[in-house]
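I opened my notebook for a quick look around this one. Below is what I looked up, in the order I did it.

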Amino acid sequence: MSIKNNLNLVRNDISKFAEEFGRNPEDVKLIAVTKLHSPEEINEAIENGVTDIGENKVQEIQEKYDKVKGVNWHLIGHLQRNKVKYIIDKVYMIHSVDSLKLAKEIDKRASQHNLTMKILIQVNAEGEESKFGIPPEDLDQMITDIYENCPNIEICGLMGIAPFYDDLEDASGFFAKIKALFDRYVDDVRDRVNFKELSMGMSGDFKVAIREGSTYVRIGTAIFGARDYR
Ligand SMILES: *Cc1c(COP(=O)(O)O)cnc(C)c1O
C-alpha cells in the first residue's frame, strides 16, 4: 500500500468515526507521526495533504528539518530540558510537558526567540503504567504554576498515551478520564490557559479516542507502515 492510499483510508476512518460519534470531522485533526521515516516519505505525505507531523525525538527533528518544508512540527515524545533550545524555533506545539522545570526552560527559550510556545500537558491517567506524564491530581497546580511563571507559554490542552490494552474499551476508559480533566479548563478565564486541543489516539486506538473527544490523533503505522527500529 502507498502512503497516499493509507492516508485516504485513515482520513476516511477519522471522518467515519467522528460522524458515528456525533462529532464534526473537522474537529479531529491528523498528525502524521513520522519518527524513523525519511524526509522523502514525509514529503510524499505532505504532497498528499498532510499539514501536521509528529516526531518524538529532538535529534530527528534537527536532522530532517531542512529537508521537509511547509508543515507544522509537533514534538510528541519526552523532552529533555537541555534539548529545548534546539527545537524551540522549529516546532509548532510541544505535546509532552510534564514538569514545571521543563515548562520554565521552554518559557526561557521562547522568550529569547520572542515567541509564545503552544504546549499540551501530558497526563498519565493510569498511574504506574507509563513512565511520563503527570498524575491527574497534580494538574491544577501544574496549570497554575505554568500560568504564573511562564509568560511565553500558551497552555492549549492535554495529551495522553494510552497503555497497550487487549480490549479497546479499556483504552476508551483511559481517554475518558483525560477528557473529564480537559473539560474543567475549557472555559478557563486566564488568557494563556486556552484549552481547545486534546491529543489522544494512535493507529491502534484512535477510534475510541475520537469517541472520547480527541482533537488531534497521532498516527504513524497506519500511514507509513511498520517502523524499522534496527
Ligand atoms: C509513535 C507514536 C505515535 C504513533 O504510533 P502508531 O501506533 O505508529 O500510530 C503516537 N504518539 C506518540 C507519542 C508516539 O511516540
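I started with a word I needed: buried means under 20% relative accessible area, exposed means over 50%, and partly exposed is in between, with a 1.4 Å probe and protein chains only. I am working on a predicted model, where local features need pLDDT of at least 70, side-chain atom pairs count only at pLDDT 80 or more, and totals for chains, interfaces and linings use all residues. Residues are numbered from 1 along each chain as its sequence is written, and side-chain values use heavy atoms, with hydrogens and water left out.

**Entry: cysteines.** I checked Cys 156 and found it buried, at 0% relative accessibility. Cys 150 is also at 0%, so it counts as buried. How many disulfides are there? I counted zero, taking a disulfide as a pair of cysteine sulfur atoms within 2.5 Å. Cys 150 has no partner because the closest cysteine sulfur, in Cys 156, is 14 Å away, too far for a bond.

**Entry: around the ligand.** I listed the residues near the ligand (a heavy atom within 4 Å of it), and they include Val 33, Asn 56, Ile 76, Met 202 and Arg 227. By class, I got five nonpolar, four polar and three charged residues in this shell. Here Ala, Val, Leu, Ile, Met, Phe, Trp, Tyr, Cys and Pro count as nonpolar, Asp, Glu, Lys and Arg as charged, and the others, Gly among them, as polar.

**Entry: ligand oxygens.** Which side chain has an N or O atom 2.5 Å from an oxygen atom of the ligand? I found that of Ser 203. Lys 35 has a polar side-chain atom 2.6 Å from a ligand oxygen. With Gly 220, a polar backbone atom lies 2.9 Å from an oxygen of the ligand.

Notes: A polar contact is a pair of N or O atoms within 3.5 Å; within protein, one must be able to donate a hydrogen and the other to accept it, and residues adjacent in sequence count only if both atoms are side-chain atoms.
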